[in-house]
Structures are given as structure tokens and as C-alpha cells.
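Biologist: Could you take me through one part of this model in detail, namely the place where the two chains meet?

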Amino acid sequence: MVKGYEVVIGLEVHAELNTESKIYCDCKNAFGLEVNTQVCPICMGMPGALPTLNEKVVDYAIKMGHALNCTINNVCKQDRKNYFYPDLPKAYQISQAEVPLCENGYLDILVDGEERRIGVTRIHIEEDAGKLLHSDKFDGSLVDLNRCGVPLIEIVSEPDMRSSAEAHAYLETIKSILQYLNISDCKMQEGSIRCDVNVSVHKPGEPLGTRSEMKNVNSFSAAVRGIDFEVNRQIGILEAGGEVIQETRRWDDTKGESLSMRSKEDAQDYRYFPEPDLLTIVIDKERIEKLKSEIPELPNKKLVRYVKEFGLSQKDASFISEDIEKSSLFDECVKDNPKLAKSVSNWILSDVAKYCNETGKKISETKLTSNKLLYIIKLIGDGKISNSAGKTIFEIIIDEDKDIDEIIKEKSLAQVSDASALEAIADEVIANNEKSVSDYKSGKTNALGYLVGQCMKASKGKANPGMMKEIILKKLEG
Amino acid sequence: MELYKNSAFELSQMIKDKQISSVEVTKSVFDRIDSVEEKVDAYVTLDKENALKKAEEVDKKIANGDRLSPLAGIPIGIKDNISTKGLRTTCSSKMLENYIPPFNATVIEKINNADMVITGKLNMDEFAMGSSTETSYFKKTKNPFDFERIPGGSSGGSAASVAAGEAVVSLGSDTGGSIRQPAAYCGVVGLKPTYGRVSRFGLVAFASSLDQIGPVGRTVKDVAMLQSVISGHDKYDATSSSTDVSDYLENLKSDVKGLRIGISKEYFSDGIDSNVKDAVYNAVKILEQNGASVKEISLPSTNYALSAYYIISSAEASSNLARYDGVKYGYRAKEFDSLIDMYEKTRSEGFGDEVKRRILLGTFVLSSGFFDAYYKKAKLVQRRVSAEFNEVFKDVDVVCTPTVPSTAFKIGENINNPLKMYATDICTVTINIAGLPAMSIPCGYDDKGLPIGLQLVGNKFCEQTLLNTANAYENIIGGFKSPLL
Amino acid sequence: MNIDIKHIAKLARLRIEDGELEKFRSDIQGIVEMVENLPDDIKDEPLLDPNNSMKLREDKVRESKYSRDELTKNAPHVTAGCLVVPKTVE
């Protein structure tokens, strides 16, 4: 609820698929190459050129359909969406209208600790358009057709979201599923995921309000800003006694506002009709089942499991679950050691994440294994090495394939837990710090920390800090 | 030697036996072009230089003793909507006046691999929309039987050039009768193959679900030979079929014993000229006398087919022709003050009236609020038409009809009456709607001496049956007549 | 029914001059009346044809046989390898 209004949000997500070739021709599906070099007569829409459908695009869309609990229409077809624009060389986009590949699904997301089920109306396959380049210095726009024919899936949700936070969680979940399935690179900065947002507001108990559609939303945070802006704009209109009109608006993220593009009256008439250059798509039932069997446990399911089974916070659990490598590392470590879940999660959230961020590497590109991480955690837990020694070892084994016991020996990182050795250190420190000792005795208990610190320093960090503290305490009290 | 008068079959034997060379045949055809093209106007673009070069190559290969395809060295004309790499492909439109394709249509690759000699590009109705070749931006092709009359269309250049000896054989395209109707008007043989039999890759699309490339020749044998060259699956055309292709010449028969012919009253209504009716009935009688059986059949949805055809073909055309916007290729208006201004001026100046009519009709039947009543209904009617033919072909092998209700009309006679022009397609469009193969062969002349066409319709992928029937008829009557120019 | 030919022409990006409007309108009207005889007893169903399905293409890249120059040589206006159109944004 915002200012006494209920908010209704529906999202259309476009994701580029990471196939080798384009959807309707065998040009390379690649980003960022020199203008108009990844094109052929087919994706340039030359007279007489014809499309052929890439089977991987169908497979990937079916996988996403399974992941979002959709019905897979094993008999479906493609349609033409007709409109004129310089980035659309055929003046129609090959898409799906009447019968999409996947429909009637849902996605469970976790918002503020609560599970919410968002309906998925449909998922269909289509081709991307080219790009227009503009420059103030040049009196005209430049057309680069490299992106024409890059495969897309469009995922259309039901209007089931009630806040920008839910919309954000939905988008993040969709993104992590795409990555889990390894069907999209999900690079926001390259525009490989984009979304259109439908928003309306109404008073509780009243019928749904008129919706506006917002285009050109290029990041998830922009989606949140756009939704919040649009909700406030619509409430403002209603509060002033006005009426929200059905229209398409364009989100300008730099200005932080949406602007009207066109109203319902001059809405585009896309004149959809079946693509006559392509025949009906018929997919074997076995193929559909096989693709289903390839779907791993998905991040939204993992997220709920981590919170419920291991007591991780939603924030920590979603950080680990959204990335397939982090979550597999976590799952492998805790499989036989559920009690270590918190430590494992701490390591992944701090040291592992930090290393990956700094080096830009994925976990699979490092030498880290679940066994090694577990071993370090266990050594620390057993008091065999200190926390800081553990970090030193971690920094080595993530880069090199080295035996941990060897490293401990080489760098003499083993923790001193021998009571007589520790007592000797304690005696020495007590003798050299009379002032702190008397401070402690006069009730300044924080002097204890200083004394333990001095002992650690004297041991060059190798003393078992727990034992050290107990010994000092015994001596001071005694 | 007037080699241009010979059939491709005869010429190929003579070339194989080294009695003549491909260069001699090619020169003879170009000499013929020099003498009659002024009157016929069949070509948009001639390519004599490359044709002679190719002919020399073929002669060298023959001298080397290479094994060549049966049609090696035979001159062929190509309809100007089939993409030829490096040779302009205009669709007889101002829009593509200077368009030079960077690639070859699959059929052109096949023609090249068969070592045929391409003479040039043949005139047609603009973007294949028309029944008279009068909508060409460049010229009006004349009927070689009477220069005051149209050659038919849209493949008017393909039929007229072959009839006049300006090409030995040619390729046309047929969306609603565009090969068969001009073949009938010009007294030659034309075949529209089953939809999917010949690759459409590189054929500039008019109506994608109906278009099909096919051969035109002066004899059935020539058409059979050329059909063998161009048939087959193409992985670059998703609608092309992988059904086996036979060698149509090798398997060509010349008797019709046991052939079951169907006659449908829907094709002999009051709108059919009595000369035409008589000639078609007579041809059927000849086949019957030679061993075929004749049966009355019914195709009740025929009456809807013309409507379904104009709706479906125009809808697809409105989308297929949207790409001509002055951005990537083709004509662009000289002056404009915005993107939309450029689009509208370019398209209004680049397209002729008939193309505009089809685009407008097609846009209308797809537009919001009208789609279900027009386009969708037409597609559903299409299924009914197909189903009726499926039933019929359980009982008969070939359906015989007139190709066109009357003989060739005068230039200008119907140009301002689209409905009258469209009505000439009544016998042919149904076949495209059903995706079937059909041929037109000459079956007589009217009282003005103009040729009449017999249409033979077969079941899907039964081109051989049609060719056999046509071949038998040609043999029985002792061959077809050429016009005197 | 009266066909809004101006609207249709706008959708099709065709400019019909006022002098020609009536001719096109009556031509299209006539054709539409001709094609209106379609039967009503037809069951509405999706336009699918499962008995005539297509083979899909293997996901394999084929390096382009065409240079950029070859593919853009037919374009009316090319700058720095790009096609040029009137400005699409203000």
C-alpha cells in the first residue's frame, strides 16, 4: 500500500539467449563487434532471404518454461509483428502471438521473509532488433544491424506484484534462474536483459485502476525507481481528482521521470499474423522431458531452504543462492556438516566473495574446492590453527593447488595449544605489564584484552587465543 | 541455323553429340532477341556478355570430355524476381530499379551447377502482382501471337520469351497462376510445382505461403528436364520439402492408359468462354480415347478460393513489401523532412498503383478488428479447400480444367478494372491455395487464333503424373504450334 | 462498411494524395466486397498444422561470406559502415 492505494504491477522481461548463432540465420550471436559486420542477407532482410529456426533457442525457452512451472506447448508457431522502424530491417519482428511456446506458469519469490507466488502468463521466442546510434555532431541517425536476429525470450508475468520491492525480487530471481540454466549472459550493461513495466493503482476494495506501460527500463534498480515514480504520479493524479489514462510511457532514468510516448488511441496496430516462411513447430514429448531432467534445483527454492533449514538470514541466503557456483560450494560443504552452515556461509560471503570481486574470477576458475574450505573451517574449529592463519591458508589454496598440512608446516602456522608453553608466555607478559595487572585488579576489566593481545603478539600470533585468555585469567584471579 | 527454334531436349542431344556448340546456340538466341525483342519486350535486363562467357566455358568442358548435366549449355531466361548475384533484380519495380543482389537464389545456384546459360532477366508484373505484365514499371510485354494483346502475367516475360524464341526455356514464379496463365495465353507449357518442391530462397517474396518457382518451355520434355534441375530440399528454406525428387525426364511416359481424370463442374461455369470450354472438353476426350477414364467430381469450396486467395496473398504481401523503406536498398525519395516523411514518400513514389492496392488490402485485412473476419477466416477456408482436394485425389489422378476462362485480352483493356483482372485468376488460384502442382499446356486456339490452355492438377508431389499426362497429349496431337513473328 | 483508407495508408506507410484517395477507396471497397463471400460455418481454431512441421536448424555459426561493403552497397546512404536515416530522436 502506498498512501492508501494498492499497487498492481506486471512485468515483461526480455532476455537475450547465449546461443552460438542467431535465431533465424547462422551469423554469430556476439556483442560489441564492429558495426554491421555480424550480418548476412537474412538478418539484414534482403529481398528473397528466408529464416530458419535455431533449435537451441527452442530448447532454452523450454528450459525456462520448466523452471517457471509452465505448460509447454509442443505444437506452436511463430507470428509476424509488423511495424516500421530503421532498426527492424524486414519491418516486422518474428515473434509468437497466438500460441506461445510456454504458458500458465508461476514463480515463487521471497520478499521480507514471506513467500509470494507470481503468475507467469507466457514465455515466447522472438528476434532482437538492431541499434540506432545518435550523435549531436551528425544530422541523422546511424543504423547498426549486428544485433538483428539475436535470440530473445519474452517472459510475461501476471499483474501479481504489489510493490516495487516485489518487482525487484521477481526480476532478481528471473535473472538468477537464467544464469542457473546458463541460457543468458544477463549482462545488464550490454542490454541482455531489459524489461517493460505495467503499473496501476486503486483504492482497496475498488476495481483495478487504469494501467500505464513503461518502456526503456534498462536495469532492475531503474525498474524500482520507475515504478515508484509511476505509482506516485498516478496517485497524484487521482488525489487531484484527475483520471489516469491508458498510455505507453518512456522511462528516463537520468531525469528520474517517465514521459508519455503514445496514448491508447494512437496505439500501434501490429497486425500479427502467422509467419508464412516458417511452418508449425512440433517438439517431441521426450525432448521436452529430457530438458526438464536437466533443470537443477533453482535459486528461489534454495533461498527458502537456506533460510528454513540452516537459519541463514534472507540477505545472506539470497546472496549465496543467486549464484550457481556459490550455492553449489555451499551445498557441497554443508551436505554432511549441516552444523557448519553458518561458518561456511560466512566464508563464502566474505573471503570467497571478496576474492572473486577483486580478481573478476568465478569460483570454478580458482583452485578452491569444497573439501579444502571444509578442512580449513574444521582446523579452526578444532583450535589447530588460528582464524588469521586460516585466512592466510585460504589465500594460498585459492590460487595454488597445494596441500594444506604442507602449508601449515612450511609457514609454521600451527596454533600453540600446549599449556606449559602458553603459561611461560603469560608469566612473561604479566611480569612486563605491572600497570595493566594492577588496573585489572582495581576493576578495569578491559585491561584483560590488552594483556591477552600482548601474549598473542609475543607468540607471533600462534597462541590459541581461547586458551591464552583462560590462562591469563587464572593467573590474575589466582 | 535457326537453333533457337529447337527444344532444349533436341539441343542438348546435339550439344552432347558435338554437332553444335553452346556458343552457337547462345548466339542464335541472342540473334533472335536482336530481331524480335523490339516487338515483344520480354526482357528487363540482357546479359549477353556473361551468357557467351558461360557458353564458352561449357564448350570447353565438353571438349575436355567432362560429364555434364543434360541441360548444360542451354540458354535460359530468368524472371526478374529471382535473385541473381551481381545481375540486377528489379521485380519490374522502380523500387528495385538499381538493386543488385549480393547472393544467388538457390534455383540460380542449381541452374549454374547444371551449366545452363542465363540470357537475362524477364519482365513481369511489378512484384508479381498482376495478370497481364502491364504493371511493370519498365515496359509492356506483348503476346507473340498478337502484339496488341497482353502475354498474361505475372510471368509474362517468361512465357513470351519462350514462345518467341528469345529463350529456349525460362523460369517463372506462380503465386495464383502467374506461370500457368501466361503459358496458356502464349501457347507454351508451364508448371507450377507443389508448394515446397522448389526452394524459394532468393525468390523475392510476394506471398510466401503461395509462391513457387517453376519452369516454362515449348515442350513437355523441356519442362520435365528443367523441373529436375530446380527441385529438391533446401536447408535455407524452412518450407521446402524433403520428399524424394525423381528424374522427371527419365520417368516420362507417353501413354495415359488407366489414368483417372476428374472433371469438376465448378470450373466450367457461365464465366468460361465457349471456345475455351470446347477446347478443354475436346482435350479431355482425346485423353479418354487414348485409354484414360473420366469421372465427374465436385469441389464445392472453389467459389471461396478466389476470396481466400486475395485475402491471404495481399496480407502476406503487405508485410513482405514493408521492407522497402529506402534504408537498406532500393529507391529512396530525394527530399524529406523526417523519418516518416522519408518512408511515405519513398514507398509512394517507388511502388505502382497495383502494388499499393494489394498493400492497402492486405493491411486492411490484418488490421485490428478485421483480422478474424478476413484473414483468419480465409486461412480456415484454405483448409477446407485442401481437404476437398484430398478427397478427390482418392478417386482420380488428374483434375482437368481450363487454365484461364478466356484467351488473351488487349493491352489496356482491364488495367483500370482490378476486379475484372482478378477474375481471370479464378481457375488457377485454388491450386495455390491447396498447395498442389499444376500445369498448363496448349489445347487449341480460339476463333482469333489465340492459344487456349488446359490445366492439369495433381496430388501433392505428383508432378510426374502431370508431366506424363501432358507428354501423352503432346505426342497424340503431334506437338504444339509456335507463333509466326 | 466504409473503409478508412487514410488510416490504412498510414499503417502501411503509403502517402495517398487527396486526388487519388477516392479512387483507392472505391477500389479497395470493391475488392473487400468481392472477398466478403466467405462462409460462416467455419470452426475457429488456432492456425496450427502439426502434420506439416519444420525441421529446426542446428546451432552452428557459419562465418559470413559477405563483406560489409557488399551488403551495404545497395543502400542509398552509408556512413562509416552504418546505414543513415533521418534523426529518430530530438
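Modeller: A good place to start is a single pair of side chains, bearing in mind that this is a predicted model: E98(A) and K376(B) meet in a salt bridge, with 2.8 Å from N to O. That pairing belongs to a wider set of contacts, for the rule finds two salt bridges across the interface of chain A and chain B, and 13 residue pairs are counted in polar contact between these chains, both residues of each pair being at pLDDT 80 or more. On the side of chain A that touches chain B, the elements that give two or more residues are the strands β4 (79-82) and β15 (273-274) of chain A.

Turning from individual pairs to the whole contact, chain A contributes 31 residues and chain B contributes 36 residues. The size of an interface is often given as the accessible area lost when the parts come together. Here the area buried between chain A and chain B comes to about 2,800 Å², and carbon and sulfur atoms give 63% of that area. Within chain A, the residues that lose the most area to chain B are P47(A), L50(A) and F84(A), which together account for 22% of what that side buries.

To place these residues along the chain, the domain assignment of chain A gives domain 1 (6-291), domain 2 (296-410) and domain 3 (419-477). Between domain 1 and domain 3 of chain A, the centres, taken over C-alpha atoms, are separated by 65 Å.

Terms used: Residues are numbered from 1 along each chain as its sequence is written. Chains are lettered from A and ligands numbered from 1 in the order in which they are written. This is a predicted model: local features need pLDDT of at least 70, side-chain atom pairs count only at pLDDT 80 or more; totals for chains, interfaces and linings use all residues. Side-chain values use heavy atoms; hydrogens and water are left out. Domain bounds come from an automatic or database domain assignment. Contact means heavy atoms within 4.5 Å. Buried area is the accessible area (1.4 Å probe) that two parts lose on being put together, summed over both. A salt bridge is a side-chain nitrogen of Lys or Arg within 4 Å of a carboxyl oxygen of Asp or Glu. A polar contact is a pair of N or O atoms within 3.5 Å; within protein, one must be able to donate a hydrogen and the other to accept it, and residues adjacent in sequence count only if both atoms are side-chain atoms. Helices (H or I, at least four residues) and strands (E, at least two) are DSSP runs, numbered from the N terminus.
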